[in-house]
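Trainee: Could you please guide me through a structure that is new to me? I should like to learn how its features are read.

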Amino acid sequence: MKLFKSSLLALAVAATSTWANAESLAITNATVHTAGEQGVLSNATIIVEDGVITAINPASVSADSVVDAQGRNLTPGIISVMNNLGLVEVGAVARSRDAGAKGADITFDPSLAYNPKSTVVAYTRKGGITSSVVSPRGGDNLFKGQTFYTDLSGEFDSVRVANNAVYVELGAESKGSRATNLQKLTNKLADFQAKMKKAEKDDKKSELKRDEEVLKSLLDGEKLMVVYADRASELLNIIKLKETFGLNLAIVSAADAIVVADELAKADVPVIIDALENLPSSFDALHNSLDNAAKLVNAGVKVVITTGGDTHNMYQLRYNAGNAIANGLTREQALAAITSNVADVFGLDAGEIAVGKKADLVLWSNDPFELSTKVDKIWIGGKEYSTESRSDKLRDRYMANSDMPRSYTK
């Protein structure tokens, strides 16, 4: 009897869950910035079912929930990249840092330590960010580990893709030469490639170790390699690596990218930059400038815009893109740099308003790149989420009218 009741309860829960997931949504009368081939659509209607965009401007509208956008701007959810979201709560508190370890190597999977309940997650949604490619800080190894892709729902199952790219750091060394890591990377790839070719020639299939499985996915072009580097000569060496080994490759930071923009475009190597970097932070970054994003795009380079520094600043990503607009990018180019370009580079099911895409959407009060604009509504996988953060709750708590002294509550 107890088993029968449990079965009925399970069926009821499953039915309720199915109904909730199946709830459909229509967003009408929106100015839709698709970040794709369709460009900007006026007075458009978007239909969402089971968390996926199923129709744009259908002949008729039928949905469980209808939102009238009243002409406001609807964009894909913004995607932040190469940050430590959910891995670092407070940088100064060692026990809240899980982004790296001294012994981390190419197999390091930081998604295992991801905290979807981090206070930074809800705070970041305020900036219209619906998902993020989170990167490790690694350790002593030149391979810092692997990135993962998560949505910002704050749910425990929010990691959508684990181990989706390998992160490598090159560049200047405080001790030793920058040539060492480049040599190590080249030799590691060459040695493993030779091993695989020999095994194929000898018709021998040996079981691969975990690190070798990752190397194989890199050499097969199945897994993206993201390389940190700035100096122009290093960027050219990275291009050679791509040509030699057939890598799927992107470069992050890339302060000198403007110097070798034509070579990057020809080799189809995208760059991930902080569009607010305008000062030479080192001898490798003498070409930092606010108009670099526009110059790179005009040269044919695929550009992804990110934010530098602490993850608490991630919500400002749209402002970084807005500054790039002020320095030469068009609005649609800037939007692509924080949505569809990210999806293209990292192979994500997001970043564009198109039929079949995940319904990560943001409805704005006005121009998304203006400082005073707010997020009116935000959907992740078709489900609406709040932009209320811990900061808002603290403000409301300590600003509440009370008989007690200011900053106290009953």
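Mentor: We shall consider salt bridges and then one helix. This is a predicted model, in which local features need pLDDT of at least 70 and side-chain atom pairs count only at pLDDT 80 or more, while totals for chains, interfaces and linings use all residues. Residues are numbered from 1 along each chain as its sequence is written, and side-chain values use heavy atoms, with hydrogens and water left out.

Trainee: How many salt bridges does the structure hold?

Mentor: Side chains of opposite charge can pair when their charged atoms come close. A salt bridge is a side-chain nitrogen of Lys or Arg within 4 Å of a carboxyl oxygen of Asp or Glu. The structure holds 16 of them. One joins R331 and D367, at 2.5 Å from N to O. R331 lies in helix α9 and D367 in the loop between β14 and β15, so this pair ties together parts 36 residues apart in sequence. Helices (H or I, at least four residues) and strands (E, at least two) are DSSP runs, numbered from the N terminus.

Trainee: Is D367 buried or exposed?

Mentor: Buried means under 20% relative accessible area, exposed over 50%, and partly exposed in between (1.4 Å probe, protein chains only). D367 is buried at 13%, whereas R331 is partly exposed at 41%.

Trainee: Which residues are buried in helix α4?

Mentor: In α4, residues 210-219, the buried ones are E212, V214, L215, S217, L218 and L219. After this helix comes G221, with a positive phi near 75°.
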